[in-house]
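Reader: I am new to this structure and should be grateful for a guided reading. May I put some questions to you as we look at it together?

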Amino acid sequence: MERKYPAKMFWIFVLTNFLFRFFYLSIPGIILCIVGIWVNSCLWIGLSVLGFDVILSVIEQLRIRKAAVTPSDNPEFNELMDAFCGPDGLDAVRKIVDAKIASAPPVETDEGEN
């Protein structure tokens, strides 16, 4: 089955990368654009910084998309990515993870030893 990465998730993650992952580019870019209301050169510098931030965010998300749609040697990863790229998306992934957690043996603790 060929995986199709959800477009909605792609753009949500691009926005997340733009705001949080490349935080040190987005904040100065926004500040320079605000200052650019009065100083024209700051506006152009701020817009170029924000443009660079957008380009980096899209490139990073394209790398993640490629990793998600490329089949892996790990069957568990393939199962998760098939569920994520399927029609139910994150709900299907949540069900798989909950089932794996429920089927895991309980962890024994050494409370009696000091």
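Reader: Does Phe23 count as buried, partly exposed or exposed, and what is its relative accessibility?

Author: This is a predicted model, and accessibility is computed from it. Buried means under 20% relative accessible area and exposed means over 50%, with partly exposed in between. Phe23 therefore counts as partly exposed, at a relative accessibility of 37%.

Reader: Which kind of aromatic pair do Phe23 and Tyr24 form?

Author: The structure holds three aromatic pairs. In the one formed by Phe23 and Tyr24, the centres are 5.6 Å apart and the angle between the planes is 75°. Planes over 60 degrees apart count as edge-to-face, so the pair of Phe23 and Tyr24 is edge-to-face.

Reader: How is helix 1 oriented relative to helix 3?

Author: Helix 1 spans residues 7–21 and helix 3 spans residues 40–69; their axes lie 9 Å apart, at an angle of about 130°. That angle makes helix 1 oblique to helix 3. Residues that meet include Phe10 and Trp11 from helix 1, and Leu50 and Asp53 from helix 3. As for handedness, the crossing of helix 1 and helix 3 is right-handed.

Reader: Why does Cys42 form no bond with Cys33, and how many disulfides does the structure hold?

Author: A disulfide requires two cysteine sulfur atoms within 2.5 Å. The closest cysteine sulfur to that of Cys42 belongs to Cys33, and at 9.5 Å it is too far for a bond. Cys42 is itself buried, with a relative accessible area of 18%. The number of disulfides in the structure is zero.

How values were computed. Residues are numbered from 1 along each chain as its sequence is written. This is a predicted model: local features need pLDDT of at least 70, side-chain atom pairs count only at pLDDT 80 or more; totals for chains, interfaces and linings use all residues. Side-chain values use heavy atoms; hydrogens and water are left out. Buried means under 20% relative accessible area, exposed over 50%, partly exposed in between (1.4 Å probe, protein chains only). Rings of Phe, Tyr and Trp (its six-membered ring) pair if their centres lie within 6.5 Å; planes under 30 degrees apart count as stacked, over 60 as edge-to-face and the rest as tilted. Axes are lines fitted to C-alpha atoms, for helices over the stretch in contact, and angles run from 0 to 180 degrees between N-to-C directions. Helices (H or I, at least four residues) and strands (E, at least two) are DSSP runs, numbered from the N terminus. Angles under 35 degrees count as roughly parallel, over 145 as roughly antiparallel, 65 to 115 as roughly perpendicular and the rest as oblique. A crossing is left-handed if the near helix is turned anticlockwise from the far one by less than a right angle, and right-handed if clockwise. Contact means heavy atoms within 4.5 Å.
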